[in-house]
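Let's take a friendly walk through this model, starting with its sheet and ending at its ligand.

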Amino acid sequence: MKHYELIAPCHFGLEAVLKKEIIDLGYDVTEVQDGRVSFAGDDEAIARANIGLRTAERILIKVGQFEATSFEDLFQGTKGLSWEDYIPSDGKFWVAKAASVKSKLFSPSDIQSVMKKAMVERLRQTYNLETFPEDGQSFPVRVFIHKDMVTVSLDTTGDSLHKRGYRKLTAKAPIAENLAAALIMLTPWHADRILVDPFCGSGTFAIEAALMAANIAPGLNRKFTAMNWPHIVSKKVWDDAFEEAREEVNKDVETDIQAYDLDPAMVNIARENARLAGVDHMIHFQTRDVKDLSHPKKYGFIITNPPYGERLEEKEALPALYKTLGERYKSLDSWSLYLITSYEGVEGDIGRKADKNRKIYNGMLKTYFYQFMGPKPPRRK
Ligand SMILES: C[S@@+](CC[C@H](N)C(=O)[O-])C[C@H]1O[C@@H](n2cnc3c(N)ncnc32)[C@H](O)[C@@H]1O
């Protein structure tokens with residue numbers, strides 16, 4: 001059995017959540033860097049990580065690492081890697097993504113073309129071929145250069161892992177599914193506690209929470225690039241990993257998850273997405289203005305992503321909207337409020353300083369995850 005160093009990129013600021021998930025899945029974390037967690041694993045780990053990790057962006061196999069301060073270094077370093085261990089003679093290969101930070105080499109298109117030439121050169125010698133048909137399976141390469149250190153990897157995932165396959169329809173500003181899952185994991189919410197998203201949009205928080213409650217693996221209903229690499233991960237390994245995930249599902253778990261939105265069209269979209277995810281029976285959807293938010297029980301959680309004012313007229317309405325949310329929150333006995341937004345007037349409008357606040361990059365957008373914590377419920381006898 002071959003052992004790999006696997007790299008899982010994630011949202012900046014959420015590395016600790018992903019690290020915990022990887023350890024819980026049974027693997028040893030070897031390195032944590034900004035926006036990526038590395039771990040050791042075999043073919044089974046590639047399948048299980050793709051199917052099971054809720055907060056990763058993708059799963060990469062590290063092919064090698066070397067220093068490069070010139071394109072010649074990049075060419076020689078890339079040519080020195082054992083591409084033939086991964087790419088068959090009919091494989092289609094290209095550098096799908098090149099990123100560079102604080103390095104001499106920074107032009108993505110030049111990095112991509114130099115590396116492709118070096119890979120062709122290497123494989124030409126190994127396979128004794130002048131030209132490659134490239135009509136077989138795909139082998140997308142990803143390269144990350146940090147302070148002139150080049151990390152070369154193969155992408156086993158394909159479409160980013162945040163694409164679970166359930167969100168066919170989205171809101172104006174949907175939150176990525178893996179970001180929503182990570183934020184829920186940062187709270188003490190658990191399936192036996194109440195969760196309300198009063199600005200549910202396409203339903204992402206509610207659906208991700210329901211998937212966690214029912215132990216439905218996020219990748220159970222989608223495909224991955226490495227499913228077409230039988231020489232690396234066999235069909236049996238994939239079948240076993242999917243079977244293991246299916247056996248762990250428990251859709252009968254009781255939940256109190258509520259998803260509201262002012263816009264009835266959004267509520268319909270959220271409901272349809274939940275149906276596609278197989279968790280519509282676990283979520284109560286309703287068209288409701290946040291000003292009417294209430295709940296008879298104690299110790300619930302609001303986890304939400306309110307409007308943050310993409311348009312000017314929306315921006316003007318934000319203070320009043322966040323004040324209303326703050327008032328409704330105050331009226332809920334012993335609740336906790338967690339919200340992610342790029343709007344900076346949150347604490348003033350809610351009327352209290354957050355107990356915790358975490359900076360999170362949602363793509364290029366700097367956002368904060370404000371955490372207003374309520375008391376813990378008394379322990380049950
Ligand atoms: C940033 S989006 C939420 C996106 C959501 N997290 C998702 O993943 O699709 C904010 C949502 O708040 C809703 N909204 C705006 N004003 C509202 C109000 N007064 N009460 C309830 N919902 C409101 C909008 O219709 C929109 O769907």
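## The sheet

Seven strands (DSSP runs of E, at least two residues, numbered from the N terminus) make up an open sheet with mixed pairing, in the order S2-S3-S1-S4-S7-S6-S5. Two strands count as paired if DSSP finds at least two bridges between them. Strands S2 (29-33) and S5 (92-101) are at the edges with a single partner strand each, so one side of each has no neighbour in the sheet. From one strand to the next, the twist averages 30°, with axes fitted to C-alpha atoms and angles running from 0 to 180 degrees between N-to-C directions.

This is a predicted model: local features need pLDDT of at least 70, side-chain atom pairs count only at pLDDT 80 or more, and totals for chains, interfaces and linings use all residues. Residues are numbered from 1 along each chain as its sequence is written, and side-chain values use heavy atoms, leaving out hydrogens and water.

## A pair of strands and a helix

S1 (residues 4-9) and S3 (residues 36-41) pair in the antiparallel sense over six bridges, and Tyr4 stands opposite Gly41 in S3. Helix H2 (residues 43-52; a DSSP run of H or I, at least four residues) packs on the sheet and touches S1, S3 and S4 (60-67), contact meaning heavy atoms within 4.5 Å.

## Around the ligand

The ligand is surrounded by 21 residues, with Ser202, Thr204, Asp261, Val290 and Asn305 the closest; a residue counts if one of its heavy atoms lies within 4 Å. Polar contacts (N or O atom pairs within 3.5 Å) include a ligand oxygen 2.7 Å from a side-chain N or O atom of Asp261.

Conventions. Polar contact = N/O pair within 3.5 Å; in protein donor to acceptor, adjacent residues only side chain to side chain.
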